[in-house]
Amino acid sequence: MVEDDPASIDRILSHLDRFQREHGQRFHVGAFQDGADIIEDYRPDWDILFMDIQMERVDGMTAAKRIREVDSEVVLIFVTSAPQFAIHGYEVGALSYLLKPVSWASFEPELERSIARLNARERRNLLFTTTDGARRRVDLSEVLYLESVRHHVLIHTPSEDFTVVATLKAMEAELIGEGFFRCNSGFLVNLRHVTGVEGNDCRIRGGIRVPISRPRKKDFLSALTAYVSARGIAT
C-alpha cells in the first residue's frame, strides 16, 4: 500500500485480513506513506500495489511512472477520492481504481481479479538479481537468448542486455517447458524468436546469429519443429 491517510491504510488492512480468512490466502503486506518512500529504493519484489494518487511529496501517478521504468509487471490499483485523476491510469498500465472509502464489496472482486492475473502469468516471469545487486523482473517472452559469460549469464532482450548472478545450467533447468533450448555450451535460445537456421547458425529476431554446435544441431531442429508445430496447433 502507498497511502498517506492512516484511516485508509487501516481500512485496506482490514479488507486484506478478511480476504485472507475467507479465501485461504496468505499475504506479505507493506505500507509506504508517500510516493517518495516507495520509489526511493524500489525493487520489483511486490506483486500488487494499492496506490493513492494525491500525496504530499510525490503523487501516485508520478510514482507509478517511475516504478514502471523498472517493473512492467506489478499489478497497479489506484485508490483515490478523486476519480478524475484515475482516468490517466492507462498511461502506467493500471488494472483499475477503487474509490475511497473502499468498500468490501468493491475490494474483494478487484483483489480476486488481481490474483487471477498474477496466476495467469506466473510462469512467464522471472526475478533476476543482477551483478550490481539490483533486482529485475523480466517477461520471458521478451528474452531473445541467454549467454554464459565468465560464471554469469548475460540476458539479451530487444531493448537492453544485462548480466545476472546465475549459471547457464541453472537457468536451463529453471526454463524447462518455457520454449528455451541450449543450442551450444554457451547459449540458451528462446525458440519463439528464432527466424531460421542457416548452416550451423541460428538466426534470431533482429538479425542476430547464434552458433549451433554439431552435436546439438539435430536435437535443436527437432525442438524448433515441435515448438513451431505446437504454436500452430494452439493458434
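**Disulfides.** I searched the whole structure, a predicted model, and found 0 disulfides. I then asked why Cys-183 has no bond. Its sulfur lies 5.9 Å from the closest cysteine sulfur, in Cys-202, which is too far for a bond. The cut-off I applied is 2.5 Å between sulfur atoms. I checked the pair from the other side as well. Cys-202 is in no disulfide, and its nearest cysteine sulfur is that of Cys-183, 5.9 Å away. For my own record, a disulfide is a covalent bond between the sulfur atoms of two cysteines.

**Cysteine exposure.** Next I looked up whether Cys-183 is buried or exposed. Cys-183 is buried, because its relative accessible area is 0% and buried means under 20%. I put Cys-202 to the test too. Cys-202 has 0% relative accessibility, so I count it as buried.

**Charge on the surface.** I moved on to surface patches. Which residues form a negative surface patch? I noted Asp-4, Asp-5, Asp-10 and Glu-56. I followed up on Asp-4. Asp-4 sits in the segment before α1, the helix that covers 6-23. Its relative accessible area is 38%. I therefore log Asp-4 as partly exposed, since that class runs between 20% and 50%.

**Whole chain.** I closed with the overall figures. I counted 7 helices and 13 strands in the protein chain. The C-alpha trace spans about 65 × 40 × 30 Å along its principal axes. The protein chain has 235 residues, and buried residues make up 44% of them. Cys-183 and Cys-202 belong to that buried class.

Terms used. Residues are numbered from 1 along each chain as its sequence is written. This is a predicted model: local features need pLDDT of at least 70, side-chain atom pairs count only at pLDDT 80 or more; totals for chains, interfaces and linings use all residues. Side-chain values use heavy atoms; hydrogens and water are left out. Buried means under 20% relative accessible area, exposed over 50%, partly exposed in between (1.4 Å probe, protein chains only). Patches are made of residues with over 30% relative accessible area and no salt bridge: like charges are joined within 9 Å, nonpolar side chains (Val, Leu, Ile, Met, Phe, Trp, Tyr) within 5 Å. Accessible areas come from the Shrake-Rupley method with a 1.4 Å probe; for residues, only the protein chains shown count as cover. A salt bridge is a side-chain nitrogen of Lys or Arg within 4 Å of a carboxyl oxygen of Asp or Glu. Lys and Arg count as positive and Asp and Glu as negative; His and the chain ends are not counted. The place of a charge is taken as NZ of Lys, CZ of Arg, CG of Asp or CD of Glu. Helices (H or I, at least four residues) and strands (E, at least two) are DSSP runs, numbered from the N terminus.
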